[in-house]
Amino acid sequence: MKLVVIGGQWGDEGKGKAVDFLAEKAELVLRYSGGANAGHTVVVEGQTYKFHLVPSGVLNPGKTVILGIGMVVDLATLFEELAQLEQAGIPWQGRVLLSDRAHVVLPRYKEMDQHRDRARPRPLGTTGRGIGITYALKAFREGVRVVDLFEEGTWNALEPADRAFLQPYLERVRAMMTDVSALVHEKRGGNLLLEGAQGALLDLDLGTYPFVSSGISCAAGAAVGAGIGPQEIDRVIGVFKAYSTRVGNGPFPSRFTVERDGDLEEKVRGIGKEYGVTTGRPRRCGYLDLPALRYACRSNGIGSLLITKMDVYDGMPELKICTSYQLDGRRTEAFPASAEALERAEPVLETVPGWTRAVKGCQRFTELPREARDYIRRVEDYCGVPVEVISTGPNRSETIVRKDPWTPS
Ligand code: IMP
């Protein structure tokens, strides 16, 4: 089977944990988009691991993990992460592979990225990791791919400073370099987990353009990233938080406001540890936005949802959910294509009972407080997609599986 895991919101939905959990039954785990702009946190047996590039499935012993075709890779960050794995006693040699078609982020791109974003009339608030520049040069046909490092002509055409940066990594990269499409084809009998980065609403085409990242973070990107046809994908799983967050700039209609919600943003940020893994920036926080989530489900073919961080709402007697927008004098459930329109959209909020008994620690769906089950059902009804997995805490063991996503339908 081939499963895609994507974020259903603006990134940081808890995909790292979801992937780590789903990777147990996968033979291969492949990340298909983005670069070191992502930050995935996984907690295993009390130990916290943070990844930017290496697929989160790496913590499952013996799994082969692949940095796929659609990725943009900063080799310095990659080898730092691999060194950290080694220090933690996790062997990676021979099982962390890198697509020969992935693009390489050169150090000067980071400066260009930061400078360009500062110069924008409305900065996007990029992570400054050179991601947009690398993808732009790729589209401009001036990018540097992994395979190009081993061809005399393309190597010699690089600037001396770039070659000096790349040289120390060459032999290690050569050992990891793989024709991903051929490998995935060869292993077609086994389970393949396709790991997205960022989120549906940060996708270059489907997201809140221009306040998006520049990779194909939508589910369709998984086929490109693995070098397979779209019909080979069996299921798309959307990971979403019980609330919403956004880091960097861009419209966010359901954001908590002090006038309406008091100190709720601070509270949720504190309990949910809502600070960027890559930049440390505080994330903006808000209510769950159902029109946005339903749009993400539809435009990505999400057939199964996985909810995370319900425990952050533990103990709150009352909650709100955004169920539509008031936009230009009318009420709509449609998710606008224009970022300006989304800026103007006022959230229409429905008040629902919160759960005063803790979700954290619950082992079964029936053990969850009734209000938490109702909250989940509200999402299912609105989006028309079942919530099949519930994460009740950061640890691998804190997961309720209503239906195993690997079960063939
Ligand atoms: P870039 O990807 O660094 O170009 O940043 C573009 C936008 O995407 C900025 O608003 C970033 O904060 C956001 N972004 C990029 N990667 C992530 C992520 O993994 N999680 C959340 N936001 C992200």
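**His 52 and its surroundings**

Begin by selecting His 52 and Thr 278, whose side chains are joined by a polar contact of 3.2 Å. The model on display is predicted. His 52 sits in the loop between β4 (47–51) and β5. Is His 52 buried or exposed? With a relative accessible area of 14%, His 52 is buried, because the limit for that class is under 20%. Next, display the residues in contact with His 52, leaving aside neighbours within four places in sequence: Arg 31, Gly 35, Ala 36, Ala 38, Gly 39, Thr 77, Glu 81, Val 277 and Thr 278.

**The sheet**

From the loop, move on to strand β5 (residues 64–67), and add strand β7 (residues 96–99); the two pair in the parallel sense over three bridges. Within this pairing, Ile 66 has Leu 97 of β7 as its bridge partner.

Now select the whole sheet. Ten strands form it, and it is open, with mixed pairing and the order β9-β7-β5-β2-β10-β1-β11-β15-β19-β20. At the edges are β9 (177–178) and β20 (399–401), each of which pairs on one side only. Helix α14 (residues 370–383) packs on the sheet, where it touches β11 (235–241), β15 (302–308) and β19 (387–391). The direction of α14 makes about 140° with that of β19.

Centre the view on β15. Six of the seven residues of β15 are buried, and the strand is mostly covered. Towards β11, the two strands run parallel and are joined by six bridges; Ile 237 stands opposite Ser 304 in β15. Towards β19, the pairing is also in the parallel sense, over three bridges, and Leu 305 has Val 387 in β19 as its bridge partner.

Follow the chain past β15 to Lys 309, which is placed in the loop between β15 and β16. Its phi is near 60°, a positive value in a residue other than glycine. Lys 309 counts as partly exposed, at 24% relative accessibility.

**Helix α12**

Select residues 290–300, which make up helix α12. Eight of its eleven residues are buried, so the helix is largely enclosed by the rest of the structure. Which residues of α12 are buried? They are Leu 290, Pro 291, Ala 292, Leu 293, Tyr 295, Ala 296, Cys 297 and Asn 300. To see what covers them, display elements including β1 (2–7), β11, β14 (288–289), β15, β16 (318–327) and α14.

Look at each end of α12 in turn. At its start, a side-chain oxygen of Asp 289 reaches to within 3.1 Å of the backbone nitrogen of Ala 292. Just after the helix, Gly 301 takes a positive phi of about 65°.

Then pick out Tyr 295 in the helix. This residue counts as buried, at 15% relative accessibility. Tyr 295 touches Leu 201, Leu 206 and Phe 335, not counting residues up to four places away in sequence. A C-alpha to C-alpha distance of 10.0 Å separates Tyr 295 from Gly 207, although the two are 88 residues apart in sequence.

**The ligand**

Turn to the ligand and show the 16 residues around it; Asp 12, Asn 37, Thr 127, Ser 213 and Arg 281 come nearest. Two contacts involve oxygen atoms of the ligand. A polar side-chain atom of Ser 213 lies 2.6 Å from a ligand oxygen, and an N or O atom in the side chain of Arg 281 is 2.9 Å from a ligand oxygen.

Gln 198 supplies a further contact: an N or O atom in its side chain is 3.2 Å from a nitrogen atom of the ligand. Gln 198 is found in the loop between β10 and α9, and is buried, with a relative accessible area of 10%. Its phi is near 55°, a positive value in a residue other than glycine. The loop between β10 (192–195) and α9 (220–226) also holds Pro 210, which a cis peptide bond joins to Tyr 209, with omega of about 5°.

**The nonpolar cores**

For the last stop, colour the nonpolar residues. The largest nonpolar core has 60 residues, and those with the most contacts inside it are Leu 75, Leu 78, Leu 98, Leu 149 and Leu 193. Helix α2 (residues 75–87) gives the most to this core, with six residues. Apart from this core lies another, of 59 residues, among them Val 180, Ala 226, Val 352 and Ala 372.

Key. Residues are numbered from 1 along each chain as its sequence is written. This is a predicted model: local features need pLDDT of at least 70, side-chain atom pairs count only at pLDDT 80 or more; totals for chains, interfaces and linings use all residues. Side-chain values use heavy atoms; hydrogens and water are left out. Two strands pair if DSSP finds at least two bridges between them. Helices (H or I, at least four residues) and strands (E, at least two) are DSSP runs, numbered from the N terminus. Contact means heavy atoms within 4.5 Å. Axes are lines fitted to C-alpha atoms, for helices over the stretch in contact, and angles run from 0 to 180 degrees between N-to-C directions. Buried means under 20% relative accessible area, exposed over 50%, partly exposed in between (1.4 Å probe, protein chains only). A polar contact is a pair of N or O atoms within 3.5 Å; within protein, one must be able to donate a hydrogen and the other to accept it, and residues adjacent in sequence count only if both atoms are side-chain atoms. A nonpolar core is a set of buried Ala, Val, Leu, Ile, Met, Phe, Trp, Tyr and Cys residues joined through side-chain atoms within 4.5 Å. A residue is near a molecule or strand if one of its heavy atoms lies within 4 Å of it.
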